[in-house]
Amino acid sequence: MRILVTGGAGFIGGHIVEAAMARGWEVRILDSLDPAVHPDPPPGIPGVSVLVGDAGDPDAVAQALAGVDVVVHQSAKVGLGVDFFDAPDYIRNNDLATAVLLAGMAAAGVDKLVLASSMVVYGEGAYTDSAGRPVHPAPRRVEDLEHGIFDPRDPATGELLLPALVTEDAAMDPRNVYAASKLAQEHLAAAWARSTGSTAIALRYHNVYGLGCPRTPRTRAWPACSALRWPVGRQCGYSRMAASAAASSMSGMLRRQICCPLTRWLAAGLPRAA
Ligand SMILES: NC(=O)c1ccc[n+]([C@@H]2O[C@H](COP(=O)([O-])OP(=O)(O)OC[C@H]3O[C@@H](n4cnc5c(N)ncnc54)[C@H](O)[C@@H]3O)[C@@H](O)[C@H]2O)c1
């Protein structure tokens, strides 16, 4: 199997490259080495060809796709940005680049895609009231946050809500530009799969942690979660996921599903054809 990993120099992409190499696959990386992510150039990986280029550049994409069987599309501008002026950058790196990549795949006859999507497409996720009834949460109140109350409230009663497992039937509710750009990537991939008869799989990762994870206050808290033996890699109900689980979801999907001309979205552990 010859596999192109866009964003393969990044955190999750790096784990995917490792997992693919361990299976004996031929790996190529297309990565712009965004200086915001890579203040210093990352070291090369023996046996992996790295093309430094933008996934939104048709020439770089055509070069990267030559001879490839499957694309694992990880490259994206991640995080929430600084302010709304970042919106064009999210759309350029996430959506325009995905459209360019998909057009390049259609031209090159590469018909298998695994897309890194995100739990952010679900917005706040699923909640119930104390009687177990599903409730769509209201936005969190500033005064609650200032008092360390992070759970959202029932918009009708003001009662604090309880988190519940998110199923794949949960309504899409992207609440920021990054989330909107990730959902748009999914729709673009589905449109590409439908119109070219190709296969697209979107994996909606939760917050991923592991070796190579960028050091932020949020990620520094995760080892503590592991020490509490919360179920690592479980994808619903818990807002985090091990990088190795992200990589093995990818390779498992490739092994089991990639041959069927289906579009599958995976979030809660039960794949559903869309
Ligand atoms: N890390 C998480 O918790 C998490 C959660 C949900 C979804 N995701 C998704 O997983 C994917 C990988 O995330 P990550 O945490 O490894 O991010 P990362 O920032 O570590 O890696 C992204 C890589 O993409 C590259 N890149 C950015 N824009 C590019 C472009 N236009 N062309 C080519 N390369 C480009 C960057 O240089 C970087 O190496 C992303 O699509 C992200 O949206 C991540």
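# Exercises on a predicted model

Three strands make up an open sheet, ordered β7-β6-β8, with antiparallel pairing. The model is predicted.

**Exercise 1. Determine which strands of this open sheet stand at its edges, and describe the pairing of β6 with β7.**

Solution.
1. β7 (134-135) and β8 (162-164) each have a single partner strand, so they stand at the edges and one side of each lacks a neighbour in the sheet.
2. Strand β6 (residues 126-128) runs antiparallel to β7, and two bridges join them.
3. One residue pair places this in the sequence: Y127 has V135 in β7 as its bridge partner.

**Exercise 2. State how strand β9 is covered and which residues lie on each side.**

Solution.
1. Count the buried residues of β9 (residues 199-205): seven of its seven are buried.
2. Separate the two faces. In a regular strand, side chains alternate between the faces of the sheet.
3. One side of β9 holds T199, I201, L203 and Y205, while A200, A202 and R204 lie on the other; all are buried, and both faces are covered.
4. Look at the pairing. β9 and β5 run parallel and are joined by seven bridges.
5. Within that pairing, L203 of β9 is the bridge partner of A116. A116 is also among the residues that come nearest to the ligand.

**Exercise 3. Describe the shell around the ligand by residue, by element and by class.**

Solution.
1. The ligand has 30 residues around it, and G7, G10, S75, A76 and A116 come nearest.
2. Assign elements. At least two residues of the shell come from each of α1 (11-22), β2 (26-31), α3 (87-108) and β5 (112-118).
3. α1 gives the largest share, three residues.
4. Sort by class: the shell has 13 nonpolar, twelve polar and five charged residues.

**Exercise 4. Characterise helix α3 by its span, its bend and its buried residues.**

Solution.
1. Compare the span with expectation. The 22 residues of α3 reach 30 Å from the first C-alpha to the last, close to the 32 Å expected at 1.5 Å a residue.
2. Locate the bend: a kink of about 30 degrees is centred on A97.
3. List what is buried. The buried residues of α3 are Y90, N93, N94, D95, A97, T98, L101, L102, G104 and M105. The kink centre, A97, is thus on this list.
4. Identify the cover. The elements over these buried residues include β1 (2-6), α2 (58-65), β4 (70-73), β5 and α5 (177-196).
5. Check the end of the helix: just after α3, G109 has a positive phi of about 75 degrees.

**Exercise 5. Why does I29 count as buried, and which residues does it touch?**

Solution.
1. I29 lies in strand β2.
2. The cut-off for a buried residue is 20 or more other C-beta atoms within 10 Å. I29 has 29 C-beta neighbours inside 10 Å and therefore counts as buried.
3. Leaving out residues up to four places away in sequence, I29 touches V5, G8, A9, V17, V48, V50 and L51.
4. A further pair shows separation in sequence against distance in space: I29 and A64 are 35 residues apart in sequence, yet their C-alpha atoms are 7.7 Å apart.

**Exercise 6. Summarise the whole protein by its elements, burial and contacts.**

Solution.
1. The protein has eight helices and 13 strands.
2. Of its 274 residues, 39% are buried.
3. Take the contacts between residues at least 6 apart in sequence: 72% of them join residues at least 24 apart.

Methods. Residues numbered from 1 in each chain as written. Predicted model: local features only at pLDDT ≥ 70, side-chain atom pairs only at ≥ 80, totals over all residues. Near = placed C-beta within 6 Å. Helix = DSSP H or I, 4+ residues; strand = E, 2+ residues; numbered from the N terminus. Nonpolar A, V, L, I, M, F, W, Y, C, P; charged D, E, K, R; others polar. Expected span 1.5 Å × (residues − 1). Bend = angle between axes of the 7 residues up to and from the residue. Buried ≥ 20, exposed ≤ 12 C-beta atoms within 10 Å, placed from the backbone. Contact = placed C-beta atoms within 7 Å. Pairing = 2+ DSSP bridges.
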